[in-house]
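Subject: Structure handover

Hello,

I am passing a structure on to you, with some notes on what was found in it. Please look at the structure first and then read the notes.

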Amino acid sequence: MTNQTDFGLLTATLDSQLSFIYGEARALELRERIVSLFGFNDTTFGPEPFSNHWDQSDIWMITYGDSVQRAPDPPLQVLKEFLDTRLQGAISGVHILPFCPYSSDDGFAVINYVEINPALGEWEDIEAISRNYSLMADCVINHCSSRSLWFENFKKGEGVGADFFYEASPEDDLTAVVRPRTSPLLRPTETASGLKHVWCTFSHDQVDFDFGNPSVLLEFLSIIKLYLDRGVRILRLDAIAFLWKELGSNCLNLPQTHEIVRLIRTVCEHYRGDSVIITETNIPNRENLSYFGNANEAHIVYNFSLPPLLLHSLLSEDCSHLKTWLMSMPPAQHGTTYLNFIASHDGIGLRPAEGLLSDEELSQLVTSVESFGAKISWRALEDGGNRPYELNVSLFDALRGTHQGEDEFAVPRFLCAHAIMLALEGIPAFYIHSLFGTRNDYKRLENTSHNRAINRHQWQWDELQTAITDDTTHRQIFEALQRLIRVRKAQPAFHPNATQYTLHINDQVFAFWRQSADRRQSIFALHNISRQEQTVSLTELNLIGTDAWFDLLSGIAIEDLRGTLSLAPYQCVWISNSGL
């Protein structure tokens, strides 16, 4: 349901947002162009405030369009077939990573935003997926490829794009700028009007836009409209934290960046009432949370601190930091929620753990995961030094052991990690390779010389079908995760916005309580994150004696509420007073 919005309120909101970004003198003209572009008028409907566009049945998958291949079929069609035949009823939404023509970074150096990479398929293939699944697409909004027509026009000094890119001088003081990479920030570029230096936050093939030019914003709003028209429901704003630049600042999370997110949300919600904005901000936890705004910016923020903290807990067999972090996380307001993930195409970021783990603990984490075959990506510091930025590794290999070394608990440890993700407040998202426990791809790493390629394996259809059908570790993981998903989807207490409280058992049992909005269902989620059996006194849970309690995962009834519960290494139990 939506409520009809006073058109005047919509235009007043746009005026306010545009005035903040570009000044009052430009606001009216820009607002009129946006209203015309999207066809807003007196009959435009606005969103219902604080409405949740999700529930406990939402499980998302993150994948490249060609993660599963079967020549000569277009990969997007193969992906849909895999979803339909192997994951129907388990996965409700799919994030297809950048699917436009690109020049590098596996899609994140976009050449043309309005075309589909012909190696993947066509717009019709995207639309076909969107008819059966909630579709998330990337809006790579901070930068584009140096091989784009826009950048060619910049070099020529004429045409669309000639004034789209941010320039600076090597003489400028750029020491405060926060960098996610070690490459030089400025790229010298010969143009028709002489040598210029363009801003490149990520690589010299990824040239940053100048959003101080409102034409750039209007161009991206046009692109966003196309995506929504083609079936995209969830818009992922990639690298959004770096969007606005001001010399002399750190160029990160600036007020204009937040206002642009608010404006994009305003426009999207009024154009498609069920649209969802998610911000990709791989930065320290407090800064990441700021993208909720006052429930008027991102509908969803990534729980970026979860992957490194959970990995630390499982490798150190100590969840004290994870508990401290969970207690500090504010409950998301209705209409907003967290996206929980523990693996992605980018690896495991370490910046979101800064301030939560000590330098010594981060160093130990890096050392241990390196021993399991990981590669390390670095970022440049203001003093000229480098700091570990990201662990590039498949999640299964990252969990092959503990700080004591590799052991025989890799599979139960891996499943324990995902049980925790599924039970936490928020929407769970599985990286496709986690669904079968894909291993480090050293051949792809060698062929590309890019660290992130280690966790970007491309499965051949027949190979994958065999792996998840025969008696393999891949099959064991695939079937076990689907069982966990089926249980989670049926529990109202696992609604992304259901109540959550941290429980204190000991530092080897990560436990929390979830309660449904109507208070009819409670779930006590207990997870042994160690190699040792753990004994839990049920009196610590304060189970109500008038209810019948049982473990949702095993079906075993909890009869003696004053007794004890033994948890095997990495065993998880979800104790509920109702459910299937």
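The notes below cover a sheet, the aromatic pairs and a charge placed over a ring. Please keep in mind that this is a predicted model.

The sheet

Strands E15, E17 and E16 make up an open, antiparallel sheet, in that order. Its edges are E15 (348-349) and E16 (375-380), each of which pairs on one side only. Helix H11, residues 359-371, packs on this sheet and touches E16 and E17. The direction of H11 makes about 45° with that of E17. Between E15 and E17 (residues 386-392) the antiparallel pairing runs over two bridges. Here isoleucine 348 is opposite leucine 391, which belongs to E17.

Aromatic rings

Searching the whole structure gives 35 aromatic pairs. One of them joins tryptophan 123 and tyrosine 227: the ring centres are 6.0 Å apart and the planes lie at 50°, so this pair counts as tilted. Because tryptophan 123 is in helix H4 (residues 123-130) and tyrosine 227 is in helix H6 (residues 214-229), the pair ties together parts 104 residues apart in sequence. Are these two residues, tryptophan 123 and tyrosine 227, buried or exposed? Both are buried.

Ring pairs also link a cluster, whose members include Tyr113, Trp150, Phe151, Phe154 and Phe164. Phe165, Phe209, Phe211 and Phe220 belong to that cluster too.

A charge over a ring

Arginine 70 has its charged end over the ring of tryptophan 461, at 4.5 Å from the ring centre.

Regards

Notes
Residues are numbered from 1 along each chain as its sequence is written. This is a predicted model: local features need pLDDT of at least 70, side-chain atom pairs count only at pLDDT 80 or more; totals for chains, interfaces and linings use all residues. Side-chain values use heavy atoms; hydrogens and water are left out. Two strands pair if DSSP finds at least two bridges between them. Helices (H or I, at least four residues) and strands (E, at least two) are DSSP runs, numbered from the N terminus. Contact means heavy atoms within 4.5 Å. Axes are lines fitted to C-alpha atoms, for helices over the stretch in contact, and angles run from 0 to 180 degrees between N-to-C directions. Rings of Phe, Tyr and Trp (its six-membered ring) pair if their centres lie within 6.5 Å; planes under 30 degrees apart count as stacked, over 60 as edge-to-face and the rest as tilted. Buried means under 20% relative accessible area, exposed over 50%, partly exposed in between (1.4 Å probe, protein chains only). A charge sits over a ring if NZ of Lys or CZ of Arg is within 6 Å of the ring centre and within 35 degrees of the ring normal.
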